[in-house]
Amino acid sequence: MTAVVALGGNALMRPGERGTAAEQLTNLRRAVAALQPLLAEPGLVITHGNGPQVGNELLRQERAAEEAPPLPLWLAVAQTQAEIGALISSELRPALNGREPACILTHVRVAADDPAFDRPNKPIGPFYSAVEAEQVERERGWVLVSDANRGFRRVVPSPEPLEIVELEVIRGLARAGAVAIACGGGGIPVVRRGGRLAGVDAVIDKDRASALLARGLDAERLLILTEVPAVYRNFGRADQEELRKLSRAEAKSLLPELAEGSMRPKVEAALSFGGETLITNFDALPDGLAGRGGTRIQAEV
């Protein structure tokens, strides 16, 4: 396997956009153009986030609750996997010169006793007023917290991914020459109960799931595409420093100063993968592939 490419949210939606299908297709056209140097490589697998899309889906369910029964969160993840996979496939196909994209509805197993289930902390869905939040908590048993002074939002667990259920299917498609689209939104979270897999209401971090997939596929490298061109020391300060190359020890020592909900999971994913990882954005990707930009985290030796 050559590479796993993890697309960040900015591949589909830009700040200020509503997330219409037309907007997402326009953004994906730019993303596919940036990925062009990678598309000819064998064994390419693409993963993606789904934060804004699953938020929109939950909002639709909220508004239509009196007309149609809301679905559990794990099915909302499944729906947005299919939605985004269809959008990515439509833009990829013309660039693949006869090869085919293949979107895989991907389940990711987590542990039923993961401590994250006792400490939900991942905000999802619409904002509620304090009065609405109290009512929702009472009626649905959800946990809601104040989020950035914009109101109250539901928080759900974000457990550690343990197993990519469709790993061998993804491997087979990649070996057959298809560009596989997998692990959308971190995957559909499931737990094993006897001989069955049962969906659970949680959100798996997309970059951690991508690292697990890359490791399982024996990928040569992991590319994490995000909103900024590189990892920075002292990010957002006057003395911020762009870091071009990090050893594993340097990356690990940097973790405490990285933002928990932003760059830290990406660097943690790189360390979890163990192979060479490039963290950058679409604009800097050509320089990153040529070794002149982005942040490259070295492989284990």
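The following dialogue considers selected residues and strands of a predicted model.

Student: Where does glycine 19 lie with respect to β1 and α1?

Tutor: Strand β1 covers residues 3-7 and helix α1 covers residues 21-39. Glycine 19 belongs to neither element, and its place is in the loop between β1 and α1.

Student: Is glycine 19 buried or exposed?

Tutor: A residue counts as buried when its relative accessible area is under 20%. The value for glycine 19 is 14%, and therefore glycine 19 is buried.

Student: Which residues are in contact with glycine 19, leaving aside its neighbours within four places in sequence?

Tutor: Contact requires heavy atoms within 4.5 Å. With the neighbours within four places in sequence left aside, the residues in contact with glycine 19 are Met13 and Gln24.

Student: How many residues of strand β2 are buried?

Tutor: Strand β2 consists of residues 44-48 and is mostly covered. On one side Leu44, Ile46 and His48 are buried, and on the other side Val45 and Thr47 are buried. The number of buried residues in β2 is thus five of five.

Student: Which strands pair with β2, and in what sense?

Tutor: Strand β1 pairs with β2 over five bridges, and here valine 5 stands opposite isoleucine 46. Strand β9, residues 179-181, pairs with β2 over two bridges, and here valine 45 stands opposite alanine 180. The strands are β1 and β9, and the sense in each case is parallel.

Student: What handedness has the unit made by β1, α1 and β2?

Tutor: Strands β1 and β2 pair in the parallel sense. Together with α1 they make a β-α-β unit, and its handedness is right-handed.

Student: Which side chain of opposite charge is nearest to glutamate 166, and how far away is it?

Tutor: Glutamate 166 lies in the loop between β8 and α5, and this residue is buried. A salt bridge requires the charged atoms to be within 4 Å. Glutamate 166 has no salt bridge, and the nearest side chain of opposite charge is arginine 192, at 9.4 Å.

Student: Which residues form the aromatic pair, and what is the angle between the planes?

Tutor: The structure holds one aromatic pair. Tyrosine 232 and phenylalanine 235 form this pair, with 5.6 Å centre to centre. The pair is tilted, and the angle between the planes is 45°.

Student: Which residue of tyrosine 232 and phenylalanine 235 is exposed?

Tutor: Tyrosine 232 counts as buried because its relative accessibility is 13%. Exposed means over 50% relative accessible area. With a relative accessible area of 57%, the exposed residue is phenylalanine 235.

Notes: Residues are numbered from 1 along each chain as its sequence is written. This is a predicted model: local features need pLDDT of at least 70, side-chain atom pairs count only at pLDDT 80 or more; totals for chains, interfaces and linings use all residues. Side-chain values use heavy atoms; hydrogens and water are left out. Helices (H or I, at least four residues) and strands (E, at least two) are DSSP runs, numbered from the N terminus. Buried means under 20% relative accessible area, exposed over 50%, partly exposed in between (1.4 Å probe, protein chains only). Two strands pair if DSSP finds at least two bridges between them. A crossover is right-handed if, with the strands pointing away from the viewer, the path from the first strand over the helix to the second runs clockwise. Lys and Arg count as positive and Asp and Glu as negative; His and the chain ends are not counted. Rings of Phe, Tyr and Trp (its six-membered ring) pair if their centres lie within 6.5 Å; planes under 30 degrees apart count as stacked, over 60 as edge-to-face and the rest as tilted.
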